[in-house]
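The following exercises are to be worked with the sequence and the coordinates at hand. Attempt each task before reading its solution.

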Amino acid sequence: MDYGPWTMDYNQTLQYLYTQLPMFTRDGTSAFKKDLTNTLELCRRLDNPQHKFRSVHVGGTNGKGSTSHMLAAILQTAGYKTGLYTSPHLKDFRERIRINGQMISEQTVVDFVEDHRADFDEIAPSFFEMTVALAFDVFAKEKVDIAVIEVGLGGRLDSTNVITPLLSVITNIGWDHMNMLGDTLQLIAGEKAGIIKPGIPVIIGEQQPEVSNVFIDKAAQTNSNIRFASGEWTISSPEAGKSESRKENEGLLKISAKRNPLGHTSSGLSDFRTFGLDLTGSYQLKNVKTVLSAVDELREQGFAITDEHLDTALKQVKNLTGLHGRWETLSHNPLTICDTGHNPDGIEEVMKNIASVNYKHLHMVIGMVNDKDTGKVLSLLPKDATYYFCKPDIPRGLDAESMKAQAGAHGLIGEAYLSVKEALLSAQKNAANDDLVFVGGSTFVVAEVV
């Protein structure tokens, strides 16, 4: 398509963003920039919007999206005008940039691209760099009280890493994007630790023995107060392994949270309380610890967040912030559930959740992208399920026949389908009412069914 000097409509603008320059979600490694030069130059030409709003920076391998959405829900419930930047989107590009849960307007996207086409042509930024610049520009112009900014990939060299936040949050470290971040957990942790800024406190969600010292050493270098949320809270849910009881509680996961005696001194939040969470995956128990410690820290910095704000927000995170695809029920007859978990740690959590469901037979609709460690993921999947292999509709999508062949080597039996929707329809048609259909393997597979 020829993108001339004339004004583009919204769909033409999106095509410009998607195809003019590399886009990691579509094209993979070729779109990963190994420095912040373009982002810094774009921000300079926008009068450095990244310095005009307060922020929380959230990174990590798994859980950073859920954690970001929970924090944003709590902050906006507490009355703060809250920006939220996340990636990737599932259905609509504008999901990436929200204020108080509302996506930015189509016209905002059109105007931004039109106003800065000359800068884009000169700087040649990536899709992600342009999108980050748009988010920061919007948050500055809208004068948000605070923005929750999710890291895209890694941390140190991620385009979002030009902000100086009030708080840095790193959920955990796992195996993902090794071709860009490093082939050991320590190297990956080093990249994630790159969001720790001088004098800025940092919350680490999970204290993992193999990488804890990476964060402790980095925090010492930057003189940053460091806290490990996993040691500060004991979180339990009698329902975490019983999907039926969630139905009885209006679809909420009932959670008890107790501050550990040797944990951080209370900032005013109750040391023990119970609440409901509308994100019902059992893996959210880890993320809740991270969120509670982050809220503790924000309270210490003067944010007026009460127990009531917390309770009200967590029972309606999806409604408040538009989060989808996290252990989400798509239909009940047969029971069909999707989840965006896509790396080994994420798939392990998915399997724990599947084990919590009572079903007769499991039907797995699975697709992946071609730069993931497919062997490690496939080795975690059950051999007694029926598989429906599919290719997500992006250039990085792994061919369904190729996936079927790789899965066969792991004892996973099924058929390849031309599309995600065709695979899902076949699975639902073959499933009995007391069977379970699961859809996942990639964020981009889930995007086609939610």
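The exercises below concern a predicted model, and each is followed by a worked solution.

**Exercise 1. Describe the open sheet formed by strands 9, 10 and 11, and locate the helix that lies across these strands.**

Solution. Begin with the strand order, which is 9-10-11, with antiparallel pairing. Next, identify the edges: strand 9 (233–236) and strand 11 (272–277) each pair on one side only. From one strand to the next, the twist averages 25°.

Then examine one pairing in detail. Strand 10, residues 253–259, is joined to strand 11 over 6 bridges in the antiparallel sense. Within this pairing, alanine 257 has arginine 273 of strand 11 as its bridge partner.

Finally, add the helix. Helix 12 (residues 284–300) lies across strand 9, strand 10 and strand 11, and runs at about 140° to strand 9.

**Exercise 2. Determine how many cavities of 30 Å³ or more the structure contains, and state which residues line the largest cavity.**

Solution. The principle comes first: rolling a probe the size of a water molecule over the atoms shows where empty space is left. Applied to the whole structure, the search finds 1 cavity of 30 Å³ or more. The volume of the largest cavity is about 40 Å³.

The lining consists of Trp233, Ala257, Leu269, Ser270, Arg273, Phe275, Leu292, Asp307 and Leu310. Strand 11 and helix 13 (307–314) are the elements that give two or more residues to this lining. The bridge partners of the previous exercise, alanine 257 and arginine 273, both appear among the lining residues.

**Exercise 3. Establish whether threonine 443 is buried or exposed, and find which residues distant in sequence it touches.**

Solution. Place the residue first: threonine 443 lies in helix 19, residues 443–446. The relative accessibility of threonine 443 is 13%, and because the limit for a buried residue is under 20%, threonine 443 counts as buried.

Leaving aside residues up to four places away in sequence, threonine 443 touches Pro88, Leu90, Thr340 and His342. As for the separation along the chain, threonine 340 is 103 residues from threonine 443, yet their C-alpha atoms are separated by 4.6 Å.

**Exercise 4. Identify two cis peptide bonds that precede proline, and two residues other than glycine with a positive phi.**

Solution. The background is that most residues other than glycine have a negative phi, and most peptide bonds are trans.

Consider the peptide bonds first. The bond from serine 87 to proline 88 is cis, with omega near -10°; proline 88 belongs to the loop between strand 2 (82–85) and strand 3 (97–99). Proline 88 is also one of the residues touched by threonine 443. The bond from asparagine 333 to proline 334 is likewise cis, with omega near 5°, and proline 334 sits in the loop between strand 12 (328–332) and strand 13 (335–338).

Turn then to phi. Alanine 124 has a positive phi of about 55° and is located in the loop between helix 5 (106–123) and helix 6 (127–141). With a relative accessible area of 37%, alanine 124 is partly exposed. Asparagine 223 has a positive phi near 55° and occupies the loop between helix 9 (212–222) and strand 8 (226–228). Its relative accessibility is 66%; asparagine 223 therefore counts as exposed, the limit being over 50%.

Notes:
Residues are numbered from 1 along each chain as its sequence is written. This is a predicted model: local features need pLDDT of at least 70, side-chain atom pairs count only at pLDDT 80 or more; totals for chains, interfaces and linings use all residues. Side-chain values use heavy atoms; hydrogens and water are left out. Two strands pair if DSSP finds at least two bridges between them. Helices (H or I, at least four residues) and strands (E, at least two) are DSSP runs, numbered from the N terminus. Axes are lines fitted to C-alpha atoms, for helices over the stretch in contact, and angles run from 0 to 180 degrees between N-to-C directions. Contact means heavy atoms within 4.5 Å. Buried means under 20% relative accessible area, exposed over 50%, partly exposed in between (1.4 Å probe, protein chains only). On a 1 Å grid over the protein atoms alone, a cavity is a set of points where a 1.4 Å probe fits but cannot get out, and a pocket is an open set with protein on both sides within 12 Å along at least five of seven lines; lining residues have an atom within 4 Å of a point. Grid points are joined across faces, edges and corners, and a volume is the space filled by probe spheres set on the points.
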